[in-house]
Amino acid sequence: MDKYINAPISEEDAKGLQAGDYVYITGKIYTARDAAHKRMQEALDKNETLPIDVKNNIIYYMGPSPAREGRPIGSAGPTTASRMDKYAPKLLDLGLRGMIGKGKRTPEVLAAIKRNNAVYFAAVGGAGALLSQRIKKSTIIAYDDLGTEAIRELEVENFPVIVVADCKGNNLYESAIKQYKKES
């Protein structure tokens with residue numbers, strides 16, 4: 001089912017999403033990859049404030065290519081989400097409501113998604129140039145020295161994603177395999 005949501009995402013909206021839903025996000029989301037997640041974890045370990053308020057926000061695991069003239073950002077495809085799995089449960093417990101990436105998540109991340117009424121979305125890998133057309137503005141917020149891995153605030157309009165793991169414990173990667181085996 002196609003659904004349209006605004007970001008930041010409310011707990012109510014997250015609860016209304018189901019694995020397999022096609023979702024179009026409009027609003028502000030953040031980017032962060034491995035190096036930025038490591039720095040955020042180090043800040044938390046020192047009881048420091050994070051550079052972004054994760055509560056009800058969505059983090060897109062993405063490092064963009066340089067912007068072309070007249071565009072706010074270059075190619076903006078997803079990064080493999082499992083690279084952030086050691087950091088994700090803590091951020092989810094702090095109120096992170098959504099994550100966008102590609103690939104499977106660990107049982108610990110899936111449990112944290114369920115426990116916190118959050119959601120994991122997948123963006124289509126290999127479609128970075130098309131996805132970048134849905135990004136209207138890109139601003140570096142923190143860790144500028146990390147280059148493409150700096151934390152960015154993105155303004156997106158109808159950014160297309162698919163719900164992989166919902167807060168009820170459903171996982172599209174598992175259910176799709178079962179459905180395929182049943183039909184074969």
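**Close-up 1. A buried salt bridge joins D85 and R105.** In this predicted model, D85 and R105 form a salt bridge whose closest N and O atoms are 2.6 Å apart. D85 sits in the loop between β3 (58-60) and α3, while R105 belongs to the loop between β4 (98-101) and α4, so the pair ties together parts that are 20 residues apart in sequence. Are these two residues buried or exposed? Both D85 and R105 are buried. If you would like to see the other bridges too, the structure holds eight salt bridges.

**Close-up 2. D145 reaches R39 across a long stretch of sequence.** Here the closest N and O atoms of the salt bridge between D145 and R39 are 2.6 Å apart. Because D145 lies in the loop between β6 (135-142) and β7 and R39 lies in helix α2, this pair ties together parts that are 106 residues apart in sequence. D145 is exposed, at a relative accessible area of 59%, whereas R39 is partly exposed, at 28%.

**Close-up 3. Helix α1 carries a salt bridge between E11 and K15.** Take a look at the closest N and O atoms of this pair: they are 3.9 Å apart. Both residues lie in helix α1 (residues 11-15), four residues apart, which is about one turn of the helix. An α-helix has 3.6 residues a turn, so residues three or four places apart point the same way. E11 counts as partly exposed at 33% relative accessibility, and K15 is partly exposed as well, with a relative accessible area of 39%.

**Close-up 4. Helix α4 has a buried face.** Which residues of α4 are buried? They are V109, A112 and I113. Seen down the axis of α4, the buried residues fall within an arc of 105°, so they line one face of the helix. Their packing partners are α3, β4, β5 and β7. On the face turned away from this buried side you will find the exposed residues P107 and E108.

**Close-up 5. N117 takes a positive phi just after α4.** The phi of N117 is about 50°, and the residue lies in the loop between α4 and β5. Why does N117 count as buried? Its relative accessibility is 18%, and buried means under 20%. Leaving out residues up to four places away in sequence, N117 touches E11, A14, K15, R97 and C167. Among these neighbours are E11 and K15, the salt-bridge partners in α1.

**Close-up 6. The largest nonpolar core draws on helices and strands.** This core has 29 residues, and those with the most contacts inside it are M40, I59, L91, L92, M99, I113 and I151. At least two core residues come from each of α2 (34-45), α3 (88-93), α4 (107-115), β5 (119-122) and β7 (151-165). Which element gives the most to this core? That is α2, with four residues.

**Close-up 7. I113 and its contacts, with a further core apart from the largest one.** Leaving aside neighbours within four places in sequence, I113 is in contact with L92, M99, A118, V119, Y120, A165, D166 and C167. Of these partners, L92 and M99 are, like I113, among the residues with the most contacts inside the largest core. Apart from that core lies another, of 24 residues, including A14, L17, I58 and I100.

How values were computed: Residues numbered from 1 in each chain as written. Predicted model: local features only at pLDDT ≥ 70, side-chain atom pairs only at ≥ 80, totals over all residues. Heavy atoms only, no water. Core = buried A, V, L, I, M, F, W, Y, C linked by side-chain atoms within 4.5 Å. Buried < 20%, exposed > 50% of the residue type's maximum accessible area, 1.4 Å probe, protein only. Contact = heavy atoms within 4.5 Å. Salt bridge = Lys/Arg side-chain N within 4 Å of Asp/Glu carboxyl O. Arc of directions from axis to C-beta.
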